[in-house]
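Biologist: I am new to this structure and would like a close look at one part of it, the nonpolar core. Could you take me through it with care, and then set it in its surroundings?

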Amino acid sequence: MIRALVVLIVGLALPGALPALAVVRRSPVIIFLAPFIGATMAAVAAELELGTNGSLVMWYVIIAVATNMAVAAWWLVTRSSLGRDDPPWTWFTFTAVVMLGAMIVPLTGLRAPMLGYDVSAIWLPHTLMVSGGHQAMLSGLQNVTTANPDYPPLVPAAGALAFAFFGRGDLYIAELITVLLNACALGIVGMGIAAVGSKGSLRLRLIAIVVAGTMCMVGFAVAGDYAVDGYTDLLWSAAALGAVIWGLVLPRSNRAFITAWICVAVASLTKNEGLTAALIVLVLITLRYRPLALVRFRRSTRHPENRDNTDVRTSMTIRGWAERAAFILVPALPGLAWDGLAREVGLKNAFFGAPSTESPGARFGPAIDGITSHLLVLPIAVAVFVAGSALLRRDRELNALGHAAWLWMACLLYLSALLATYLFGSLEIHWWLRNSVDRTTIFPQIALYTDLSIWLVIGLGTTSRGDAAPGISRTRPGSPGRA
Amino acid sequence: MARYLPRRRRRGKSRVIVNLPRAVICLVASVTLALAVHHGMEITAAERSPASVSTWKTFDRQQECIYHAIRTDLPKGASIYIDPNGGYAAQILAELSTLWAVPQPAPTSAGWKISEVPGIACSGVSLKVSRT
């Protein structure tokens with residue numbers, strides 16, 4: 001475990017520390033965001049290893065040095081300093097201790113060195129291939145006996161970095177890295193919930209931190225054994241949920257926006273379902289930050305000289321759509337690049353090969369049953385959502401939080417995509433559901449629990465309307481600022 | 001004072017009406033989260049039970065032993081066939097032979113056939129290697 005922590009801190013968090021500091025400044029989320037940035041850089045390094053030549057370590061060093069130099073240059077040019085409105089160090093430490101403390105109990109499950117089926121079948125072989133250099137990776141993934149060769153490279157790349165540190169004598173270290181990344185993902189979710197109350201009264205802040213710690217434990221509980229036996233489903237699910245919280249729930253700010261982007265990149269580079277969820281969340285974040293009814297467009301056409309000027313209208317429209325496209329494509333680029341690369345080198349997809357002998361109609365019933373059997377929290381979440389929206393909407397607005405419907409939309413769109421996959425995929429439906437639906441529904445499950453947590457913070461933290469966070473309530477919606 | 005009391009009582013009443021639904025929302029959310037945490041505690045307790053720890057440690061020893069056996073009994077780059085009907089053991093063998101041997105989809109294209117069999121070499125199992 002100590003070795004895995006060394007890899008996480010020295011191999012992933014340290015190279016990601018400066019970019020993370022530039023994004024979130026002195027926010028406690030930096031503890032979990034820095035390893036995420038490191039893991040994303042490792043995944044991009046694995047893409048370059050496969051697409052060009054060389055080894056993972058070579059590309060990782062190049063990317064990490066280039067990224068850090070770019071961030072340092074940006075810092076020098078903009079003369080940016082740590083924000084004055086950042087929380088004091090005591091508060092930073094307290095939040096970090098509660099969050100890390102909440103994870104200790106679930107992580108004691110690591111006392112038994114469990115190894116999931118997919119870890120042996122997919123993740124460890126992929127990790128060894130990435131660790132072996134370009135030729136070993138290419139020929140290994142192209143081998144017809146290799147399972148799911150098109151799976152994205154973040155987890156294998158992070159594990160291969162561990163092998164670069166300590167050799168391939170202990171394969172279990174790669175699995176431990178995955179578990180620690182799972183914890184980081186839940187940490188980002190927890191920090192997002194803690195940030196819901198970060199600018200409010202002392203009571204609101206304390207409640208938010210306690211609920212955030214509880215939510216980390218709930219995340220481990222929902223994933224069960226999958227959280228500690230090397231499966232990657234919790235990683236992409238919690239990363240996508242982190243993007244939902246930072247991009248769709250917390251007040252709009254540059255800091256929250258970039259944090260959401262990093263989470264999206266991690267989700268899209270972890271698993272195929274993660275890429276689908278990431279694209280859904282990205283579209284929603286884009287619609288929140290750049291709504292279809294452009295305020296600036298309206299403002300510009302209010303000027304009499306612009307009213308009949310079609311050039312101004314056209315340029316504003318083009319600019320608006322270009323921004324929206326960039327908001328979606330830039331963070332999704334690493335995930336989409338892997339998808340394209342996998343097709344280019346002929347890596348097969350196991351789920352959409354030969355057409356299924358079962359019709360979508362015959363698959364519909366079992367798929368719905370399978371999915372809903374893992375959404376037991378849904379009725380309670382619906383009830384709290386309806387009651388909260390009716391009774392606590394004003395408190396939510398005073399805290400400048402996004403509408404609760406954003407989270408639900410992300411959930412429902414993902415569930416629709418999941419249902420479509422089960423309906424039109426090629427595997428036998430009952431076998432497929434038996435072996436996957438408890439993992440593919442982790443994202444909506446933890447999203448619904450997170451919605452409950454946010455309503456709980458709002459409900460407990462503001463017993464009267466005047467108690468709502470004064471710092472945040474002054475933020476003009478839509479204007480970039482700090483969360 | 002006489003005029004103040006009823007007004008205060010009225011205000012208290014309205015505050016209760018405002019806060020009661022809020023309390024219900026908080027109660028439902030708290031209980032649901034607490035039940036989930038309890039469920040998680042049970043899972044963790046099962047994971048770290050002596051039986052579970054012992055089973056997985058034995059499994060870990062077996063894996064390490066088979067990993068070294070593959071590198072001892074087979075030449076580097078050997079083309080191997082692992083019977084896919086071997087289930088989980090077959091997956092383990094494919095995993096542990098990565099970067100040393102090259103798995104083949106059919107025995108005809110492989111020079112060696114490997115399988116995991118009951119034995120004493122690796123804590124209850126052994127690696128069986130034969131020419132195809």
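Modeller: In this predicted model, the largest nonpolar core has 167 residues, and the members that touch the most other members are L33(A), A240(A) and V281(A). Helix α8 of chain A, residues 172–196, contributes the largest share of this core, namely 19 residues. To take one of those well-connected members, and leaving aside residues up to four places away in sequence, L33(A) touches A20(A), V23(A) and V24(A), and also I188(A), T259(A) and I262(A). Besides this core there is a second, separate one of 17 residues, which includes I66(B), I70(B), I114(B) and L127(B).

As for the surroundings, chain A contains 22 helices and zero strands; its radius of gyration is 22 Å, close to the 23 Å that the globule rule gives for 483 residues, so chain A is as compact as a globular protein of that length. Of those 483 residues, 52% count as buried, and among the contacts in chain A between residues at least 6 apart in sequence, 81% join residues that are at least 24 apart.

Chain A also meets chain B, where 48 residues of chain A are in contact with 34 residues of chain B. On the side of chain B that touches chain A, at least two residues each come from α1 (4–47), α2 (50–73), α3 (88–97) and β2 (102–104) of chain B, with α1(B) giving the most, 17 residues. By character, the residues on that side of chain B comprise 19 nonpolar, nine polar and six charged.

Methods. Residues are numbered from 1 along each chain as its sequence is written. Chains are lettered from A and ligands numbered from 1 in the order in which they are written. This is a predicted model: local features need pLDDT of at least 70, side-chain atom pairs count only at pLDDT 80 or more; totals for chains, interfaces and linings use all residues. Helices (H or I, at least four residues) and strands (E, at least two) are DSSP runs, numbered from the N terminus. The radius of gyration is taken over C-alpha atoms; the globule rule is 2.2 Å times the number of residues to the power 0.38. A residue is buried if 20 or more other C-beta atoms lie within 10 Å of its own, exposed if 12 or fewer, and partly exposed in between; C-beta atoms are placed from the backbone. Two residues are in contact if their C-beta atoms, placed from the backbone, lie within 7 Å. Ala, Val, Leu, Ile, Met, Phe, Trp, Tyr, Cys and Pro count as nonpolar, Asp, Glu, Lys and Arg as charged, and the others, Gly among them, as polar. A nonpolar core is a set of buried Ala, Val, Leu, Ile, Met, Phe, Trp, Tyr and Cys residues joined through C-beta atoms within 7 Å.
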